[in-house]
Amino acid sequence: MARHEYFIFVVSDDRRVGTVENLDDAFEDYWMLSECMMLGDKYPPKISLSLSNKRGDMITDFVDNIHKAVLVSEKAKGIMEQAGLGPEQVEYLPFTLKDRKRKKVPEPYFIANALQSFDCFDWDRSEYGLYPNKRKVVSTSLSKLHVLEDKVPKDAMFFRLGELKNRILIRSDLLEKLRAADCTGISVAAMGEPLF
């Protein structure tokens with residue numbers, strides 16, 4: 001059986017797509033989203049995120065954002081759950097999405113908080129920088145990613161890169177299911193593609 005391919009979530013270059021920039025204002029401890037931990041009670045009960053006036057006004061199933069979080073519609077969440085992503089793999093944290101005019105979007109939205117991470121970074125083929133004084137911790141200057149597929153468990157479909165936990169990867173079969181269901185706004189890069 002052939003192995004699946006993996007893709008990394010990136011910021012969309014489509015200027016028509018709406019983008020959220022206020023996650024850090026709405027959720028003081030938003031940095032915890034990159035720690036690969038269940039937030040549970042630490043997550044505020046009511047969060048409202050608005051599309052920025054700096055980008056487009058297109059509302060999509062995957063909402064672009066500058067924080068590298070994966071923000072999904074109820075439709076996308078349902079497809080992810082049907083594919084087998086349960087509470088052990090993903091914590092779905094609800095929020096209210098508002099358009100650029102600050103009007104509430106009727107469909108529920110969620111932060112898809114990936115709870116699994118795997119050390120699968122290909123140190124030889126990727127292009128990156130390291131944090132000073134920390135070996136084996138990739139900095140945010142990651143420009144091309146390759147993973148060692150044999151280090152990724154066969155059932156992993158949506159997970160964090162162990163060496164840079166704020167980066168989330170998706171397996172090709174799940175990506176195909178989301179696209180087949182006409183989920184909009186998915187912005188990913190294949191392994192080896194520039195991440196700018």
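In this predicted model, the buried residues of helix α2 pack against a broad set of elements, namely the strands β4 (62–65), β5 (71–73), β6 (90–98), β7 (109–114) and β9 (158–161), together with helix α3 (172–180). Helix α2 itself spans residues 74–82, and its buried residues are A76, K77, I79 and M80. These residues lie on the same side of α2, because they cover an arc of only 160° around the axis. The helix lies across β4, β5, β6 and β7, and runs at about 95° to β5. After α2 comes G84, a residue whose phi is positive, near 110°.

The strands that α2 lies across, β4, β5, β6 and β7, can be placed in an open sheet of 6 strands, which has the order β2-β4-β5-β7-β6-β3 and mixed pairing. At its edges stand β2 and β3 (48–50), each of which pairs on one side only. Strand β2 (residues 19–20) is joined to β4 by 2 bridges, the two strands running parallel, and within this pairing V20 has N65 of β4 as its bridge partner. On to β5, the pairing of β4 is antiparallel and extends over 2 bridges, with F62 standing opposite V72 in β5. The hairpin of β4 and β5 has 5 residues between the strands, and in it K68 takes a positive phi near 65°.

Strand β4 also shows how side chains are distributed between the two directions. In a regular strand, side chains alternate between the two faces of the sheet. In β4, F62 and D64 point one way while V63 and N65 point the other way, and all of them are buried.

A second open sheet consists of 5 strands in the order β8-β9-β10-β1-β11, again with mixed pairing. Its edges are formed by β8 (117–118) and β11 (188–190), each with a single partner strand, so one side of each is left without a neighbour in the sheet. Strand β1 (residues 6–9) and β11 run antiparallel and are joined by 3 bridges, and I8 stands opposite A189 in β11. Helix α3 lies across β1, β9, β10 (164–171) and β11, and runs at about 70° to β10.

On the edge strand β8 lies S117, and this residue counts as partly exposed because its relative accessibility is 27%, which falls between the limits of under 20% for buried and over 50% for exposed. Leaving aside neighbours within four places in sequence, S117 is in contact with C36, R160, G162 and K165. The C-alpha atoms of S117 and P87 are separated by 14 Å, and the two residues are 30 residues apart along the chain.

The nonpolar interior can be considered next. The largest nonpolar core has 26 residues, and those with the most contacts inside it are F62, M80, F158, L174 and L178. Two or more residues of this core come from each of β1, α2, β6, β7, β10, α3 and β11. The residue M80, which is one of the buried residues of α2, touches V72, L85, Y92, A112, F158, L174 and L178 when residues up to four places away in sequence are not counted. Apart from this core lies another, of 19 residues, including V20, L51, F95 and L97.

Key. Residues numbered from 1 in each chain as written. Predicted model: local features only at pLDDT ≥ 70, side-chain atom pairs only at ≥ 80, totals over all residues. Heavy atoms only, no water. Buried < 20%, exposed > 50% of the residue type's maximum accessible area, 1.4 Å probe, protein only. Helix = DSSP H or I, 4+ residues; strand = E, 2+ residues; numbered from the N terminus. Arc of directions from axis to C-beta. Contact = heavy atoms within 4.5 Å. Pairing = 2+ DSSP bridges. Axes fitted to C-alpha atoms, helices over the stretch in contact; angles between N-to-C directions. Core = buried A, V, L, I, M, F, W, Y, C linked by side-chain atoms within 4.5 Å.
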